[in-house]
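Please look at the sequence and the three-dimensional structure shown below, and then read on for a description of how helices and strands are arranged against one another.

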Amino acid sequence: MIQDKQIALSTEEFVAALVLCGYEEAAADIINDLQLAETEEQLVTFSNQAETLLNNRGYWDETRSSNLVKGLESFIHLLIKSQKKTRCVHGNHVLIFHQIEGDEMIVQTFKGMEHRFELCKHSDSLWERMADFFGLADEDVDLPENFRLRSQGFDLFSQATSEEIDAIIRDQIYPENFNIFLDDFRNHGFSLDNISMMISHYTRDESELIQVNFFLKSSKGFMWYVDYSLIEETNEIHVKALAPKECFEAAVYVMLDFYKHDAVE
């Protein structure tokens, strides 16, 4: 049974719960994105296995029309009908804050093939959840100086090989702060993380991206904030090093300001 306002589901169980609650399109999106089943026969097998898993975990109740225990069914409805969401992406891991009503939200984490859901409030230490998700602690760290570079230069470095990055750092062609960024960027697969805010309209099966900010975790214990806001005006990308608490407290402030007013369907 569901206790302590927390739910843990495998991807298969999550998809099955969506279907049983009547959200077939949302379930189909996950199945297609992850290629969980490609034929009708595979889909039937997948569904049967997922329902067995739900039963084994204690989420099955044949006395209810959905066959799900009340707590899980309520969670799924709240999750899907949530309009305002903040999504944090760190590599293949995802953290989503689903605003539900008042000062309450559902926090969803997706790591590996397991989803965890938990109810929380705006007054909770949300910045610490973000810091923990990105694998950073609230510690004193030395922050390198900010820097900026032309967008074309950033594109070139994004296409470099690991060996070329090693040579650039070894030859000390650029300042130390940029070398640290290059090393972090290379170690993260030449990709950036992001924190984005969106409005989802479940009745229309569409989402509207409101704002997205790009970040990169540094091995030195801080976050790089990669600012594209001036790229059209100056053709420059500004990069700033932020201490974990400063970075995530600012992200939470923006998120809660976004949640102040109800979205309009």
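In this predicted model, helices α7 and α8 are roughly antiparallel to each other, because an angle over 145 degrees counts as such, and the angle at which α7 (residues 162-171) and α8 (residues 176-187) pack is about 165°, with their axes 10 Å apart. The crossing of these helices, α7 and α8, is left-handed. On the side of α7 the contact is made by Ser162, Ile165, Asp166, Ile168 and Ile169, while α8 brings Asn179, Leu182, Asp183 and Arg186 to it. Sorted by class, the residues in this contact of α7 with α8 are four nonpolar, two polar and three charged.

Helix α8 also meets helix α6, and here the axes come within 11 Å and cross at roughly 45°, so that α6 and α8 are oblique to each other. The crossing in which α6 passes α8 is right-handed. The residues that meet are Phe154, Phe157 and Ser158 in α6 and Phe178, Phe181, Leu182 and Phe185 in α8. By class, the contact of α6 with α8 has six nonpolar residues and one polar residue, but no charged ones.

The two helix pairs can be set side by side:

| Helix pair | Angle between axes | Distance between axes |
|---|---|---|
| α7 and α8 | about 165° | 10 Å |
| α6 and α8 | roughly 45° | within 11 Å |

Turning from the helices to the strands, one finds an open sheet formed by 10 strands, whose order is β1-β5-β4-β3-β2-β7-β8-β9-β10-β6 and whose pairing is antiparallel. At the edges of this sheet are β1 (6-10) and β6 (147-150), each of which pairs on one side only. On average, and with direction ignored, neighbouring strands of the sheet are turned by 25° against each other.

Within the sheet, strand β3 (residues 93-101) and strand β4 (residues 104-111) run antiparallel and are joined by seven bridges. Leucine 95, for example, has threonine 109 in β4 as its bridge partner.

Helices also lie across strands. Helix α6 (residues 151-158) lies across β6 and β10 (236-242), and the direction in which α6 runs is at about 90° to β6. Helix α10 (residues 244-258), in turn, lies across β2 (84-90), β3, β4, β7 (193-201), β8 (206-217), β9 (223-227) and β10, and α10 runs at about 10° to β7.

Technical notes. Residues numbered from 1 in each chain as written. Predicted model: local features only at pLDDT ≥ 70, side-chain atom pairs only at ≥ 80, totals over all residues. Heavy atoms only, no water. Axes fitted to C-alpha atoms, helices over the stretch in contact; angles between N-to-C directions. Helix = DSSP H or I, 4+ residues; strand = E, 2+ residues; numbered from the N terminus. Parallel < 35°, antiparallel > 145°, perpendicular 65-115°, else oblique. Left-handed = near helix turned anticlockwise from the far one by under 90°. Contact = heavy atoms within 4.5 Å. Nonpolar A, V, L, I, M, F, W, Y, C, P; charged D, E, K, R; others polar. Pairing = 2+ DSSP bridges.
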